[in-house]
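This report describes one protein chain, first as a whole and then at two of its residues. Please keep the sequence and the structure at hand while reading.

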Amino acid sequence: MARGGGKAGSLKDKLDGNELDLSLCGLSEVPVRELAALPKATVLDLSCNSLVSLPSDFCSLTHLVKLDLSKNRLQQLPVDFGRLVSLQHLDLLNNRLVTLPVSFAQLKLSLRCGPEEILSRLLRTLSSPLVFLFHSWENQNLKWLDLKDNPLDPVLAKVAGDCLDEKQCKQAAVRVLQHMKAIQSEQDRERQRKLQAEREMEKKREAEQRAREAQERELRKREKAEEKERRRREYDAQRAAKQEVEKKTKKETAQTRKPASSSRAPPPARHKHSWSRSVLRALLLLLLCILGTVAVCRLTELQHQPLCVSVSALYEDVVAAVQSHKTLQNVLQQNSQQ
């Protein structure tokens, strides 16, 4: 076992050939980068240091099989501590741990590892003896665990129990792994329940959103229908008002025409009187024409013409008849006066 006395500036100098055991002391932090360059160092002893915490990249040391972190001041392990899937022996004696990360349940090697992890292990085992190859690829869980002298959570402390001999430490590893797997399973179920609840809530929100949208569409549809109905009523009202005005206008027109027609009822007698006057006027005009003809025939050189002789004779006969009828003479006087 190689053992250094301070922070290793050159850890490669501490390894001798195929040596797989590395022990460091006097550390306040872990030289992860240097350790990652030593894949043959499958056993790492970091006990009796002043480590308060482990860096997150410490979990990249997946080649570690045995890890001793006893007698430090660790208050917690990295969240992804379970990445150390090759780990079989873990000593956490005399630290300040209260709980373990849930990923602790993953401390096992199985073919369910990622492709990069499987390839890395395959490359390491090809350079190792045949016995180590079989030993590395068998389904290995954490086989040894010591959690004594830590202020553990009462439930975890009861599960871990004592680690006073090899058998108890192996039983502690089995019980703690089972306990952490149960916690992990419960957390997974809780996560699934939350996820399911979130999905249901999302579906509910989507359903409510669809309902609101449908309600808004229905409201807009109803508002459009009401607006259409309002416009129709306004149009009908305007049309009715227009018809009413037209009716009133027709009625008033009819009423104004009725008195006029009634006042014009007497005109038939007047027309009759006018007709008689027209007849009289025509007679007078005819008489004047006759008198004019008589005058022409008696006073001009045409008196000896046959027509004028006949007209003169007729005139003398008419004058004689008129003189003998005084009644007709009176009528003619009245007409002349009018």
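What percentage of the 338 residues in the chain is buried? Buried residues account for 27% of them. The model is predicted, and the values below are computed from it.

**The chain as a whole**

Eight helices and eight strands are found in the chain. Its exposed area is about 23600 Å², and 56% of that area comes from carbon and sulfur atoms. Of the contacts between residues at least 6 apart in sequence, 43% join residues at least 24 apart.

**Two residues**

The table sets out Leu-285 and His-63.

| Residue | Place | Relative accessible area |
|---|---|---|
| Leu-285 | helix 6 (residues 267–299) | 53% |
| His-63 | loop between strand 3 (43–45) and strand 4 (66–68) | 7% |

Leu-285 counts as exposed because its relative accessible area is 53%, and the cut-off for exposed is over 50%. His-63 counts as buried because its value is 7%, and the cut-off for buried is under 20%.

Which backbone atom does the side chain of His-63 reach? The partner is the backbone oxygen of Leu-38, at 3.3 Å.

**A nonpolar surface patch**

Leu-285 is one of the residues that form a nonpolar patch on the surface. Other members include Trp-275, Val-279, Leu-280, Ile-290 and Leu-291. Leu-283, Leu-284, Leu-286, Leu-287 and Leu-288 also belong to the patch. Together the patch residues have about 1000 Å² of accessible area.

Technical notes
Residues numbered from 1 in each chain as written. Predicted model: local features only at pLDDT ≥ 70, side-chain atom pairs only at ≥ 80, totals over all residues. Heavy atoms only, no water. Patch = residues over 30% accessible without salt bridge, like charges linked within 9 Å, V, L, I, M, F, W, Y side chains within 5 Å. Areas by Shrake-Rupley, 256 points an atom, 1.4 Å probe, with all protein chains shown as cover. Salt bridge = Lys/Arg side-chain N within 4 Å of Asp/Glu carboxyl O. Helix = DSSP H or I, 4+ residues; strand = E, 2+ residues; numbered from the N terminus. Buried < 20%, exposed > 50% of the residue type's maximum accessible area, 1.4 Å probe, protein only. Polar contact = N/O pair within 3.5 Å; in protein donor to acceptor, adjacent residues only side chain to side chain. Contact = heavy atoms within 4.5 Å.
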